[in-house]
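Before reading on, please take a moment to look over the sequence and to turn the model in space. The paragraphs after it go from the whole chain to its parts, and then to a ligand and a single residue.

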Amino acid sequence: MRTAFSVETVRAAELELMARVPEGALMQRAAAGLAVVCAEVLGKVYGSRVVLLVGSGDNGGDALYAGVRLARRGAGVFAVLLSPERVHAGGLAAFRGAGGRVVGIEGAEDVLRRADLVVDGIVGIGGKGGLRESAAQLVGAVRESGVPVVAVDLPSGVDADSGEVAGEAVRADVTVTFGAYKPGLLIDPGREYAGVVRFVDIGLGGVPGGGDGSGEGAVEALQYADVASLLPLPTGESDKYRRGVVGIVAGSGRYPGAAVLCVAGALRGGAGAVRYVGHAADAVIARFPETLVSAGPPSKAGRVQAWVVGPGLGDDSERLEDVVGADVPVLIDADGLRLADEAAVRGRSAPTLLTPHAGEAAALLGVAREEVERGRLAAVRELAGRYRATVLLKGSTTLVAAAGGGGAVRVNPTGTPWLATAGSGDVLSGLAGALLAAGLGAGDAGAVGAYLHGLAARHAADGAPVGAHDVAAAIPAAWRDVRGD
Ligand SMILES: NC(=O)C1=CN([C@@H]2O[C@H](COP(=O)(O)OP(=O)(O)OC[C@H]3O[C@@H](n4cnc5c(N)ncnc54)[C@H](OP(=O)(O)O)[C@@H]3O)[C@@H](O)[C@H]2O)[C@@H](O)CC1
Ligand SMILES: Nc1ncnc2c1ncn2[C@@H]1O[C@H](COP(=O)(O)OP(=O)(O)O)[C@@H](O)[C@H]1O
Ligand SMILES: [K+]
């Protein structure tokens, strides 16, 4: 598991560690790691030209001490000071001592023109709100220069706790983060601004110890081993019922394909059997003859261990209500989200997993889509709280919040923009539904489903466009990949 901690937790852990190590030791560890990455990006340090952007906090101190190390290796290093009167004093003295040159903000464009590398030490976890005017102007000049950027701890202008960006922010090629991942490095738009994230261990260990130690507010990304341990594998004792039967209520005369794609995802998700209820039975059977189809209400279709309802459903609110009333886990997607009654979802006793994209989430919350895209973490928590349901928010960064909205939010690390193709969400809902039917909790089913889905898209695309059916067909390759076969 890759875990990112809130600023509050990181600060508390740092305080606790600082009390046990010599003064300044943590900053030296950070600066040493930062200088190593800068050297890697430069290729050759000797004779290179490096520009440090130095704010008035410790983030600027890190940049200055890294500059010292690069200057000692023969780089020409320039520091642009945003507020010369409040700069990290020890860092500045060491920097001058190593032959570093200081320029005011008005000299920035000149040194940027001849730079090989920019080190962004404007602001780190101490940043509040959008970048101030002078910092924002400097960031604009860096972008114009086209010089590669290494960000210190996190790109200046990105909110460390949420990934939100208000106005201007540094677009880094590499971000060197210290001690712990910050949520804003894993969640868009921040993730996009961070580029490649490199971790430098400064001795914070597994972090908590800070705050209430619960890890509350943290964001977690499953890794291969986590997913492998959650995959439902058949054993000698298995039969199709024990593996889990998933029921699918999807598709309509107008959108039969949604049903086919949803069933495709479910079959590859490890279900022992898939029951289909709806108006697209002919299309489903033609493509997947192993599907058990029926036409009446879902509650009369035979036993299932989980339902998926909504993809391409149109206005079939009767079937939707029937499924919401079932006493097994239910995944609600697409049209189902529009039709579902908030109180009925809240009142369910079995787990519910909602899988909106940003537009659907915005409609449920009564806000603009852009607001959800700007603040994904807040939106997913808010929805999970309102509906008392697990919520998987799809998009450039897919997030999964537990019912109620508290605790750690899962962030999917495998997503790829190749998934932005019609019908790929239908495949995901079938896949996650099968995992629910196999007995995974709603949070695990969502997170594992999203993980396999992203990996499948990467396998299918391999650098070229794909359709949603290709993603479904590549799910077995994603399983094999995760299992290390
Ligand atoms: N703690 C540790 O053990 C370790 C910490 N480490 C490093 O310290 C960093 C945290 O340092 P920090 O706490 O000094 O805060 P930092 O990120 O430099 O920002 C504060 C400055 O920014 C300013 N500022 C704020 N908002 C702004 C805005 N919107 N636009 C423009 N400016 C803004 C703010 O100004 P003020 O509000 O005071 O006027 C203040 O001057 C951390 O990210 C890591 O790099 C490492 O060395 C490892 C050990
Ligand atoms: N830019 C992106 N990067 C990564 N994944 C994306 C991106 N855009 C969309 N996706 C993924 O593609 C899928 C699209 O689902 P959805 O919006 O429901 O489409 P549809 O309704 O056509 O099936 C989701 O899994 C979503 O997370
Ligand atoms: K920074």
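What follows is a guided reading of this model, which is predicted.

Starting with the protein chain as a whole, its secondary structure comes to 21 helices and 18 strands, and its C-alpha trace spans about 80 × 45 × 45 Å along the principal axes. For 485 residues a compact globule would have a radius of gyration near 23 Å, and because the protein chain has 25 Å, the two values agree. Buried residues account for 55% of the 485 residues in the protein chain. If one takes the contacts between residues at least 6 apart in sequence, 69% of them join residues that are at least 24 apart.

How is the protein chain divided into domains? Domain 1 covers residues 2-215, while domain 2 covers residues 224-483. The C-alpha centres of domain 1 and domain 2 are 40 Å apart, and where the domains meet, 9 residues of domain 1 are in contact with 10 residues of domain 2. On the side of domain 1 that touches domain 2, the residues divide into 3 nonpolar, 3 polar and 3 charged.

A database record can be set beside this division. In an unreviewed entry, UniProt places the feature "domain: YjeF C-terminal" at residues 223-482. Over residues 223-482 the chain is 47% helix and 13% strand, and the C-alpha atoms at the two ends are 9 Å apart.

The next stop is ligand 2, which has 18 residues around it, those that come nearest being His357, Lys394, Leu419, Ala420 and Gly425. Which helix gives the largest share of this shell? That share, 4 residues, comes from helix H18, which runs over residues 424-437. By character, the residues of the shell around ligand 2 divide into 6 nonpolar, 10 polar and 2 charged.

The last stop is one residue, Ala445, whose place is in helix H19, residues 442-461. Is Ala445 buried or exposed? Ala445 is buried, because 30 other C-beta atoms lie within 10 Å, and a residue counts as buried at 20 or more. Leaving aside residues up to four places away in sequence, Ala445 touches Leu353, Ala432, Leu435, Leu436 and Leu440. As a view across the model, the C-alpha atoms of Ala445 and Val170 are separated by 35 Å, with these positions 275 residues apart along the chain counted as their distance apart.

Terms used. Residues numbered from 1 in each chain as written. Chains lettered and ligands numbered in written order. Predicted model: local features only at pLDDT ≥ 70, side-chain atom pairs only at ≥ 80, totals over all residues. Near = placed C-beta within 6 Å. Nonpolar A, V, L, I, M, F, W, Y, C, P; charged D, E, K, R; others polar. UniProt positions renumbered as here; feature names shortened; annotations may be inferred. Rg over C-alpha atoms; globule rule 2.2 N^0.38 Å. Buried ≥ 20, exposed ≤ 12 C-beta atoms within 10 Å, placed from the backbone. Contact = placed C-beta atoms within 7 Å. Domains from an automatic or database assignment.
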